[in-house]
Amino acid sequence: MEPGLYAVEGPPASGKTELALAWAREVLKARGRVYWVGLPHQRAHVFGRLGREALLGLEFLSFQALYYRLLAEGVGLRPLLPGAGRVALVGEALKEVHGAAPAPGEARLFARAIAELKRFGLGPLGLPKEGEAGRLRRVFLRYEGLKRGLWDYDDFRHRALRAPLRLFPKPHLVVVDGFREVGPLDLLFLKRLSRKFPVLLTAVRLPEDLPRYQVLPKREVRAEVWALPNPVEETRHLLRALKRALAPRELGGEGLDPFEVLVVAPEERIPGLLLLKEEYGLPLFDGREAALSALEGGERLLALLNPHPTGADLLLLGFEALGRKALRLGLVGLPALEKLAGEEGLEGEFRAFLDLLPKGRLGWAGYLEWAEGVLDRLGVAHKPLFLERLRMALRVSPEDPLPWWRSLLLDETLPPSPVRGVAVVPPLRALGVRARRVYLLEWVEGRYTLGEREDYFFLEELRAEGFDPYRLPKRLRGLDPLFREEMASRGEEVYLLYPEAGLGGGYLPILQGERPEPLPPASRLEALPEVPFTPPPPRAKGPPRHLELLKGLKDCPFRAYLLHLDLGQRDGALGWHLLPRELEPLLAHPEVGPWLERHRGLWEALRFWEYWRVQDGLILRLDAVRREGKRVRLYRLLPPGEARLEPDRWTEWYAVGSLLASGVEEVEVWLWPWLGEPRLYAKPFRKGPDGRVPNQAREARQEALKAYQEWLAEPLLPRPGSACFGCAFGDVCRKEAG
């Protein structure tokens with residue numbers, strides 16, 4: 001085959017890869033060598049297509065690997081600056097330019113902009129000097145100065161344009177396939193390479209001034225669109241369809257090989273699919289790009305480095321009791337976890353968690369020593385990789401490197417693993433590969449998009465003008481229809497699924513579909529008799545936890561029952577709920593402390609949060625009580641600014657009647673707002689001449705006893721209504737189904 005650049009253009013699914021494979025087979029059968037340049041996740045696909053024919057001599061490379069090969073044979077290599085290292089070095093440049101350590105997100109924004117400029121052949125001196133572009137110019141210049149002999153990925157690309165074209169072993173054909181577009185520097189390199197070797201370039205779009213060797217026509221792909229009622233039904237139907245596709249023919253299935261099936265789904269849907277693979281017995285493989293933190297022990301390290309730890313983080317670190325309680329209550333952050341540990345008697349677990357964290361600012365050597373110990377305790381494999389990222393973080397922020405360390409671990413990606421089963425991939429990982437059958441989830445507007453948006457540093461007008469002989473491409477090019485066409489043509493048979501509605505309302509499908517035929521059960525749970533389990537409605541087995549809960553019966557008996565179970569409810573109004581357990585911190589508070597000292601004689605004589613069981617069997621929860629012989633003072637503790645007793649409150653009136661009936665001569669009711677002064681509600685209450693208690697106390701007792709009879713007699717069922725909108729328990733009662 002003669003040297004030259006053979007450019008082939010064609011729409012998605014037009015047979016570009018088939019043509020490239022045919023050329024490669026011809027060379028391999030003649031005992032030649034083929035360099036196949038593609039996306040890393042294409043490797044298994046290409047080798048799978050050619051490996052069935054036992055053809056030897058094909059080497060799969062990325063563009064970067066091809067540049068490394070050329071430079072290694074020519075001018076030599078420099079140490080590589082990986083992706084996370086580039087972000088760290090840009091962060092260091094930002095710090096030197098502006099005098100303060102940036103956030104990882106800001107450094108990532110600049111790093112991406114610098115990478116794009118270098119990818120299109122632009123240096124810092126060609127940028128404007130004013131505005132944000134000027135700031136990028138200064139950071140770019142400092143970044144190049146800080147590299148000190150290191151090469152980033154784009155430096156390899158630039159050096160390869162000038163290196164001698166010596167490749168060993170010598171290829172008889174270079175195939176470049178799977179790329180949506182080829183950048184100008186890569187295209188220059190391929191033109192240069194084609195002077196010595198035959199180069200086959202296939203792409204959906206090629207530059208207008210590049211001569212085409214062949215233009216392939218569009219090929220129709222068999223596609224069916226399935227409409228399902230909601231995302232749950234969509235997921236279940238997909239898994240049933242997969243089970244039928246993989247089942248042997250003698251069992252009523254289609255007998256497809258798992259490697260011939262591909263599932264494409266939005267990235268946030270993939271964990272849910274993988275969670276159900278055990279239930280359905282399906283060999284699903286996670287095809288997402290894995291970060292460095294995915295190595296053994298890396299998830300535990302990320303949980304430790306979370307600045308706002310959650311219950312899930314504690315569970316990963318082995319603190320099960322505290323983690324389960326925090327997860328159930330939805331608590332986040334160290335203060336909330338510390339308070340929960342104190343209330344539940346789990347201070348030991350919380351202290352053990354704190355022992356894993358660094359104590360204060362440790363300095364460079366101190367952080368490295370602490371990290372080595374923590375990595376050993378967490379069982380992290382490949383310690384040098386993690387410690388190297390910590391050194392990068394220390395260069396940017398030696399005072400507080402942990403947020404940077406966490407970000408760099410998430411930035412660094414691992415090479416793709418060999419596919420083991422039915423690959424479940426996000427949209428971008430489906431580019432360049434084809435399967436016999438493909439299922440796509442959520443085929444609705446807004447899901448399959450390239451996210452085109454204007455650049456932060458350069459307006460679209462500036463990009464149109466260009467700064468150099470190479471122009472930066474426009475960002476807003478309307479490529480989403482072409483991208484969706486690529487997604488819908490990844491297989492010989494394509495099934496496009498979409499939910500008609502979700503929690504946020506109805507969805508707008510890209511293509512209208514029909515309801516698919518019902519499929520038989522595909523898991524043990526689905527095969528169970530379809531008799532819905534309805535738990536028996538709760539019934540009260542005694543009085544509620546305190547009297548005021550009975551008032552909630554008229555709104556929703558089920559919510560009153562949940563409150564009776566004490567699911568995370570606090571005692572008392574805001575501020576007062578901290579007494580008496582948090583007394584020392586309150587006394588040290590600059591505003592609360594003096595106020596408490598002024599009333600020390602009073603609150604020291606009070607008994608807070610008293611629970612009384614009265615003669616009728618009910619339980620009263622009194623905020624604060626003070627006894628002086630046959631005289632009793634009841635204190636209603638109110639939030640700041642409140643100064644009145646709630647008109648529908650029963651507790652204090654019920655207590656007044658019970659106390660007077662039990663021999664107490666006088667009862668006073670006081671109102672005391674937080675940070676305010678106590679005030680007597682009314683004149684002291686005494687029995688009347690005929691021994692009768694005050695009317696308010698008698699009426700409160702009658703209403704409370706009537707509600708108590710309802711509490712004991714009726715099942716405590718949910719009562720949907722306007723009260724649901726302010727309910728703290730969400731949809732735990734499944735009111736939509738009732």
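Let me start with one residue: setting aside neighbours within four places in sequence, arginine 25 is in contact with Arg49, Leu50, Glu53 and Leu55. The model on the screen is a predicted one. Arginine 25 sits in helix α1, which covers residues 16–29. Is arginine 25 buried or exposed? Its relative accessibility is 18%, and buried means under 20%, so arginine 25 counts as buried. Note that one of its contacts, Arg49, is another arginine, while Glu53 is a glutamate.

There is a second charged residue I want to put beside that one. Glutamate 486 belongs to helix α21, residues 480–487. Its relative accessible area is 6%, so glutamate 486 is buried as well. What does glutamate 486 touch, once residues up to four places away in sequence are left out? The list is Pro12, Arg180, Val204 and Leu431.

Now the whole chain. How many helices and strands does the protein chain have? There are 28 helices and 19 strands. Along the principal axes, the C-alpha atoms fill a box of roughly 120 × 65 × 50 Å. The radius of gyration of the protein chain is 35 Å, whereas a compact globule of 738 residues would have one near 27 Å. Of those 738 residues, 48% count as buried. If we take contacts between residues at least 6 apart in sequence, 72% of them join residues at least 24 apart.

On the surface: the accessible area of the protein chain is about 37,100 Å², and carbon and sulfur atoms account for 53% of that. As for charge, the chain carries 108 positive and 101 negative side chains. How far apart are the centres of the two sets? They lie 2 Å apart.

Next, the strands. In general, the strands of a sheet pair through backbone hydrogen bonds, and the pairing can be parallel or antiparallel. One sheet here is open and made of six strands, in the order β3-β2-β4-β5-β1-β6, with parallel pairing. Which strands are at its edges? They are β3, residues 58–61, and β6, residues 214–215, and each of these pairs on one side only. Moving in from the β3 edge, strand β2, residues 34–37, is joined to β3 by four bridges, and the two run parallel. To find that pair on the screen, look for valine 37, which stands opposite leucine 61 in β3.

Further along the sequence is strand β11, residues 435–440. How much of β11 is covered? Five of its six residues are buried, so the strand is mostly covered by the under 20% cut-off. Strand β11 has parallel partners that I can point out. One is β8, residues 261–264, joined to β11 by four bridges. In that pair, leucine 262 has valine 438 of β11 as its bridge partner. Another partner is β12, residues 491–499, with five bridges to β11, again running parallel. There, arginine 437 stands opposite glutamate 493 in β12.

Last, some backbone details in the loops, beginning with cis peptide bonds. The bond from phenylalanine 168 to proline 169 is cis, with omega near -5°. Proline 169 is in the loop between α7, residues 153–160, and β4, residues 173–176. That β4 is one of the strands in the six-stranded sheet I described. The bond from leucine 579 to proline 580 is also cis, and its omega is near -5°. Where is proline 580? It lies in the loop between α23, residues 557–564, and α24, residues 583–588.

Then there are positive phi values in residues that are not glycine. Arginine 148 has a phi near 50°, and its place is in the loop between α6, residues 131–146, and α7. With a relative accessible area of 59%, arginine 148 is exposed, whereas arginine 25, with which I began, is buried. Histidine 382 has a positive phi of about 55°. This histidine is found in the loop between α17, residues 363–378, and α18, residues 383–396. Is histidine 382 buried, exposed or partly exposed? Its relative accessibility is 49%, and exposed means over 50%, so histidine 382 counts as partly exposed.

That is the end of my tour.

Technical notes
Residues are numbered from 1 along each chain as its sequence is written. This is a predicted model: local features need pLDDT of at least 70, side-chain atom pairs count only at pLDDT 80 or more; totals for chains, interfaces and linings use all residues. Side-chain values use heavy atoms; hydrogens and water are left out. Buried means under 20% relative accessible area, exposed over 50%, partly exposed in between (1.4 Å probe, protein chains only). The radius of gyration is taken over C-alpha atoms; the globule rule is 2.2 Å times the number of residues to the power 0.38. Contact means heavy atoms within 4.5 Å. Accessible areas come from the Shrake-Rupley method with a 1.4 Å probe; for residues, only the protein chains shown count as cover. Lys and Arg count as positive and Asp and Glu as negative; His and the chain ends are not counted. The place of a charge is taken as NZ of Lys, CZ of Arg, CG of Asp or CD of Glu. Two strands pair if DSSP finds at least two bridges between them.
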